[in-house]
Each structure stands twice: as structure tokens, then as C-alpha cells.
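Trainee: Could you take me through one part of this structure in some detail? I would like to follow the reasoning step by step.

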Amino acid sequence: MLQERIADVSKFVEPDRVRREVYTDGQIFELEMQRIHETVWIYCGHESQIPKAGDYYTLQIGRQPMLMVRGKDRKVHVLYNRCPHRGNMMCGDRHGNTGEQFRCSYHAWQFHHDGTLKNIPMMESGYAGTRVNKGSPELNMKPAARVESYRGFVFASLAPTGPTLKEFLGKSIVAFDDMCDRAPGGEVEVVPNCFRVIQHSNWKLFMENQIDALHPSVTHQSTGRAAHEVEKQIAKKAKAGEALSYHMLSAFATVTIDKWDNFQTINYPYGHCILTGYMGLRPQDPDTKAYDKLMIKAYGQKRFEEIVGVNIHHVLVYPGLSVQSPLQQLRAVRPLGVDRTLTEIWHFRLKGAPEAIYRRSLAYYNLVNSPATLINADDLENFWKCHQGLSSDGGDWVSFARHHGHDIEKPGEVSSAPNQGTSEAPMRNQMKAWAKYMTA
Ligand code: FES
Ligand SMILES: [Fe+2]
């Protein structure tokens, strides 16, 4: 049955619209886990999450429970979180330190940090004459087929072949360069731990929304307007710069739909996308000036201007990552089921930057991206309502027709046209990549 339907998957996607089953069909979900999430490069975490030998973090790649661990040789390994004996999960905790080795909680088989077998209790007497011999590869914890790291950001692919991480990221690699370059020390460090949100909708609704420049001034209008009122009151009384946190929220109302059209989306192969535009977060307050001074000292005036002048609001690394590099925020998408999606929301410290600059990133994290903020709640409500509507018989198609036919195509990129920043080009680009993966 599934095999017959695979041939049909491409019929679900047209250049400017897709069938609703793409979001709601359980069999299509299984196939996308296999052909997309369990094949491409998926973000595991940042190296600074596991600084010491034996430190580990568990995570999900597609349907596979995995763990990322630091070895004694300082190497980062990504392994299936499964004991080769009888299948017990090796690490039940979200994160921790496994000590000198992994030791399964069921029958005490032990493994080195790279997953190779270290010891089985009473191996000689228990397994003499059986198929179990020390050294056979099936006695090791299975590693991810490929693991690569870029500027501290660790990715794994469960497929042995395919593009390298750099080839896969292409132009979207700017997300990690922009984030790290903004640190006087050239590196970022993760802030433990992350927020976790489970949304009751398909994972693709999240990815589409991240670069949906049409929605903020509508969906988040009430939140933005209220914040703008407070911002104005503070600005009357206090020194400039003190209302910056409110500005992060008020921008959702003051940047109206027509202004969002001034921004631009640039779409790349594999479904990646960059949304340009910068929401006025380069004020001239004393904290920013102190930071600028450190940056100029580290990089020189010319390079400093280049770094802080990078015009990015958001980078989408399809299918599993949304990065806001100028504010050091990152959201990793972990699909749990056709109608359930986990997002991990992380933020980072710029090494060598003043504490006040970190506080700015923390404020954005709490005010815009956390589960507590109304901004996130606004989006979550839409995600749930979309999934409900798409599960109904009220219509068969999802429309991505806005500005279709007007995008500017060059080899290797498709940009929204001038003053068409709210084009649905990013959604069309994602679904194009999706169809390619699904029919590969
Ligand atoms: S299941 Fe792990 S040692 Fe038995
Ligand atoms: Fe939103």
C-alpha cells in the first residue's frame, strides 16, 4: 500500500500549492522521516553542551533516539541510544556524564565513549561457543553514519552517502558564521539548558512560519501594540536604550505588512532560506558602544563594520533548524508524530562580549521565543488551528500562490522580488525540496 502511494507523492506538490495530506497523512510522515530527517544533516547540539569527557546529551533524529557524547580523545561521537544486548536505551536521562564508560542499566554491558564494546560481565564463561565474540561489530553501540561539526555546531546524518555538511548547508552556513563572528572571541557558548515546546501540529507548519514575513504584523499585532504603548511611556521618562526589550516586541506592530515587504527572502537548494532585514537592534546606548569597542579591537574597524552590517533576520536550515544569528537564538525541530512536533529553543553567549550584550540575547529569548511569551503562544495557536483545519474535509489544498511567478531566479537561488518580501517563495522552495527528497 505504502509503496503504491510513494509514486503518487509528487502529485501532492504543485509549484504554488500542496495537498493537505502532506501535513496529515501518517504514512507520508513515516516516509518523510525515512527519506528526509533520517537521511540529511540534522543538528545535534553545540560542542559546548558536552565540555568534559563522558558528557552526553540525548536527542532525536527522525524517529531514532540518539546521543551525542564527548570522548576522552575530545572527539564528539553521535550514537544510537541503544544497547546492542537486548535493546535497552543506554541513557535514560536527558543529559549527564557517563563517567569512564557507558554501563547499561539492565545487564551491565559496558562501552567506550565511541560506542565500541569494553566489557561484558563474565564474558568467557557466559558466551563460550556462542555467536558472541569480543570484537564483532554488532556488539558495539551503533554510530551515526556521518558526524561533522562547523564552528562548534554538531550535525549528524544517518545516511552513509550524500553531500558533505558544508555542501548541504551551502549559503545557509552564514547562520553560524554570523553568530560566531559577532563574538569578540570568534566563538559562541551554549547557555544550558533549552526551552522545549511540543506543538500539536505537523513539523512543516513550524518551518513555513519561521520565514513567513506576512504573519508577524497580523498574528503578533496585539502583543506588539501593547509593548509599543509601554515602550513609549518608558522612553518619555528614561534614557534612550532602556526600553530596548519592549522594542523587541513592539517591532511586531510597528513593522507593518507593507514594511515587511521591504525585506527579502533568498531561497536556496535543499529548502534553505534567508530572511533579510534587521529590526533596529543596533542602538547607540553605552552597552552597545562598549561592545563595539571590543569588536573593533578584535577585528579592526573595517571587518567590524562588515560583521555588524550583516543583514539577516532569520536563517532556515531545512528541515530541522531555524537560526536568528544576530540575537544568538536557535530552534531545533524534532518531529514526534504527524501531528506532534517538539522544538528545542537554545540561545548562546558571545565569547568575550560584555554581560549586558548577553542580557539582550536573554531578553529576546524570554520575550519572543520562550514558551512563556505571547509571541510564541500566538504562533502555537495558529499551528494547532492550521492542523485542525487541514485534518478536515473543508478543502484539499494549501495555497502558496502569493507573488508566484514574480520571484527572481538565478543559478542556485530564488529571491523574492523588490517590495515583495511577503512572497510565499520560501514555502514553495521548501516543498520543492521536500518533493525531491520524497521521490528520490
Ligand atoms: S540490555 Fe543492555 S546489558 Fe542487557
Ligand atoms: Fe510568529
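Mentor: Happy to; what follows starts with one helix and then moves on to the metal site, the ring pairs and some backbone details.

Please keep in mind that this is a predicted model. Let us begin with helix 12, which covers residues 286-299. At 1.5 Å a residue, its 14 residues should span 20 Å, and the end C-alpha atoms are indeed 20 Å apart, so expectation and model agree. Which of its residues are buried? They are T288, Y291, D292 and M295. Looking down the axis of helix 12, you find these buried residues within an arc of 105 degrees, so they line one face of the helix. P286, K293 and K297 sit on the other side of helix 12 and are exposed. The cover over the buried residues includes helix 6 (174-181) and helix 13 (301-308), along with strand 20 (340-350) and helix 14 (355-369). Just after helix 12 comes G300, with a positive phi of about 85 degrees.

Next, the metal. The iron ion (ligand 2) is coordinated by NE2 of H215, NE2 of H220 and, listed twice, an OD atom of D379, at 2.1 to 2.4 Å. Angles among the four donor atoms run from 57 to 145 degrees, and the site is irregular. Along the chain, the donors follow the spacing H-x4-H-x158-D. H220 and D379 link distant parts of the chain, 159 residues apart: H220 is in the loop between helix 8 (216-219) and helix 9 (221-237), while D379 belongs to helix 15 (residues 374-390). Both H220 and D379 are buried.

Strand 20, part of the cover of helix 12, comes back when we turn to the aromatic rings. A pair of aromatic rings is described by the distance of the centres and the angle of the planes. The count of aromatic pairs comes to eleven. For Y43 and F153, the ring centres are 6.2 Å apart and the planes are at 40 degrees, so this pair is tilted. Y43 lies in strand 3 (residues 42-46) and F153 in strand 12 (residues 153-157), which puts the partners 110 residues apart. Y43 counts as buried because its relative accessibility is 3%, and F153 counts as buried at 0%. The rings of Y57 and W346 have centres 5.9 Å apart and planes at 70 degrees, so that pair is edge-to-face. Since Y57 lies in strand 4 (residues 55-61) and W346 in strand 20, the pair ties together parts 289 residues apart in sequence. Y57 is buried at 5% relative accessibility, and W346 is buried at 2%. Ring pairs also link Y43, F153, F155, F176 and F348 into a cluster.

Finally, the backbone. Most residues other than glycine have a negative phi, and most peptide bonds are trans. Against that background, P192 and N193 are joined by a cis peptide bond with omega about 0 degrees, and N193 is in the loop between strand 13 (188-190) and strand 14 (195-199). Another cis bond joins Y318 and P319, with omega about 10 degrees; P319 is in the loop between strand 17 (314-317) and strand 18 (321-324). As for positive phi values, R74 has one near 75 degrees and is partly exposed, with a relative accessible area of 46%. Q328 has a positive phi near 60 degrees and is buried, with a relative accessible area of 4%.

Notes. Residues are numbered from 1 along each chain as its sequence is written. Chains are lettered from A and ligands numbered from 1 in the order in which they are written. This is a predicted model: local features need pLDDT of at least 70, side-chain atom pairs count only at pLDDT 80 or more; totals for chains, interfaces and linings use all residues. Side-chain values use heavy atoms; hydrogens and water are left out. Helices (H or I, at least four residues) and strands (E, at least two) are DSSP runs, numbered from the N terminus. The expected span of a helix is 1.5 Å times one less than its number of residues. Buried means under 20% relative accessible area, exposed over 50%, partly exposed in between (1.4 Å probe, protein chains only). The arc is that of the directions from the helix axis to the C-beta atoms. Contact means heavy atoms within 4.5 Å. Donors are N, O and S atoms within 2.8 Å of the metal (3.2 Å for Na, K and Ca); water is not among the atoms, so sites may look incomplete. Four donors count as tetrahedral if all angles lie between 85 and 135 degrees; four count as square planar and six as octahedral if opposite donors are over 155 degrees apart and all others between 65 and 115; anything else is irregular. Rings of Phe, Tyr and Trp (its six-membered ring) pair if their centres lie within 6.5 Å; planes under 30 degrees apart count as stacked, over 60 as edge-to-face and the rest as tilted.
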